[in-house]
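Got your viewer open and a hand on the selection box? Let's take a walk through this one, stop by stop.

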Amino acid sequence: MTEVLKTHPNIESVWLLSPDGSFQPPRIAVMGALHGNERCGLAAIERVRADAENFASRMRRGTLVLIHGNPLATEQGKRFSRGGVDINRLFAYEYLHDLAQAAWTYEHHRAAAIRPVVTDVDALIDLHSASRPTDPFAICDGTPEGIKLAQSTGCNITYGWDGPGMLMEHVSIGALVAAGKPALSIECGQHADPGAADIAHRILCHFLGALGVTDHGVADETRATYRLFGRVVKPTHDFQLAGPFKSFDRLAPGEKLGSGDGVIIHTEQEAHLLLPTPTAVRGEDIVYLARKE
Ligand SMILES: [Zn+2]
C-alpha cells in the first residue's frame, strides 16, 4: 500500500502528508504548539495524522507539512522552554547573525531547524490559543486576498499586525506574508477550552478547502473585521488591566484600560481589545487595540 504519511527526512517532529505518496508541491505548512501550552493546533495535527488515509483521500494536490512547533515547551507545558525565549519572536532570524550560537536557547535551535518549512513553503497556517477566553480569530495581512482567506475560515478577522512597531516580521507567518503568499495565524480559543482542538481542526479544514488543496468547504458565515491601531506594552511591574477583559471586549473613549503605581492608561478612542494578557511582565505586550471596520 502507498504510504501517504511520512516523517520529514531531516527535521524532527515534522510530518508530510500527500494524496498519493508522491509528495508533490505545492507545500502547505500546518503549525501547532509553537507555544507549548497551546495544545489545540497540535491536537488538530495529531487528528490528521491519526486519520491520514482518510484525510489524504480528501486532498486534491500538494503536500501538507505538519509541524509540531515547540516539542520541548509542549513537554514542559509552558509557553517556552525553561531558560528559553518566545520562539514566535525569532522568525526574522536576526539572531543567526547577531547572537553567538553558544548563547542560543532551545527555541533558537528549533526556529533554525524548522526554517525551511516555515519560510520556503507555499502557504502556512499557524494554530494558537490565548490565555483569556476569545472567539476564534485570524491574524492576516490586510490585503483583499488575505482578508478573503481569513473570512473563509469562519473566524473573526484581524489585520494591521504589520504596522510600525508591530510584530509581523518576527512571527511565524512573517516570511510568507512578506512574500505575498497565503498565511494565517489563528487564535482558536482559550488554552484550557476543551473545544479548542475541534475548532482548530475545523479552521484547518476550511483553510485547506479555500486553497483548493482539499475538498473541504469554506465557512458560510462572514465574521467581523478589526484593524489594529495600538500595541500596549506593560509599562511598570505592578501595572494591571482594569478588568478581567476578553478579546473583542469594547472600551468607550476615555475608559480606563489599566493602571499601576503612578501610571493610568485611558483609551482616547473606542477600542476593541485583542489578546489581553494579565500574566505579561513589564516590557511585554499586555493587550492590543483594534477598531471594528
Ligand atoms: Zn501562541
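What follows is a tour of a predicted model, with something to select at each stop.

**Stop 1: the two domains**

Start by colouring residues 5-210 as domain 1 and residues 227-292 as domain 2. Their C-alpha centres sit 26 Å apart. Where they touch, 15 residues of domain 1 are in contact with 14 residues of domain 2. Which strand gives the largest share of the domain 1 side? Select residues 156-159: that is strand β7, and it supplies three residues. By class, the domain 1 side of this contact holds six nonpolar, seven polar and two charged residues.

**Stop 2: the sheet**

Now switch to cartoon view and look for the strands. There are 12 of them in an open sheet with mixed pairing. To trace the sheet, follow the order β1-β2-β4-β3-β5-β8-β6-β7-β9-β15-β14-β11. Select residues 5-7 (β1) and 250-251 (β11) to find the edges; each has a single partner strand, so one side of each has no neighbour in the sheet.

While you are towards the β11 end of that order, pick residues 271-274 and 285-292. These are β14 and β15, an antiparallel pair held over three bridges. Show side chains here and you'll find Leu273 opposite Leu289 in β15.

**Stop 3: strand β4**

Next, select residues 63-68, which make up β4. Is this strand mostly covered or mostly open? It is mostly covered, with six of its six residues buried. Side chains in a regular strand alternate between the two faces of the sheet. Turn on the side chains and check: Thr63, Val65 and Ile67 point one way from β4, while Leu64, Leu66 and His68 point the other way. Both sets are buried.

Then look at what β4 pairs with. β2 runs antiparallel to β4, over four bridges, and Leu17 stands opposite Leu64 in β4. β3 runs parallel to β4, with six bridges joining them; here Met31 is the residue opposite Ile67 in β4.

**Stop 4: two helices over the strands**

Select residues 40-50 for helix α1. This helix lies across β1, β2, β3, β4, β5 and β8, at about 130° to β3. Add residues 196-210 for helix α8, which lies across β3, β5 and β8 and runs at about 160° to β8.

With both helices showing, look at how they meet. Packed helices are described by the angle and the distance between their axes. For α1 and α8, the axes come within 8 Å and cross at roughly 60°, and the crossing is right-handed.

Which residues make the contact? On the α1 side, select Cys40, Gly41, Ala43, Ala44 and Arg47; on the α8 side, Ala196, Ala197, Ile199, Ala200, His201 and Leu204. Sorted by class, the residues of this contact are eight nonpolar, two polar and one charged.

**Stop 5: a histidine in a loop**

Last pick: His237, in the loop between β9 (225-233) and β10 (240-241). Why does His237 count as exposed? Because there are 10 other C-beta atoms within 10 Å of its own, and the cut-off for exposed is 12 or fewer.

To finish, draw a distance from the C-alpha of His237 to the C-alpha of Gly21. The two residues are 216 apart along the chain, and your viewer should give a separation of 54 Å.

Key
Residues numbered from 1 in each chain as written. Predicted model: local features only at pLDDT ≥ 70, side-chain atom pairs only at ≥ 80, totals over all residues. Pairing = 2+ DSSP bridges. Contact = placed C-beta atoms within 7 Å. Axes fitted to C-alpha atoms, helices over the stretch in contact; angles between N-to-C directions. Domains from an automatic or database assignment. Nonpolar A, V, L, I, M, F, W, Y, C, P; charged D, E, K, R; others polar. Left-handed = near helix turned anticlockwise from the far one by under 90°. Buried ≥ 20, exposed ≤ 12 C-beta atoms within 10 Å, placed from the backbone.
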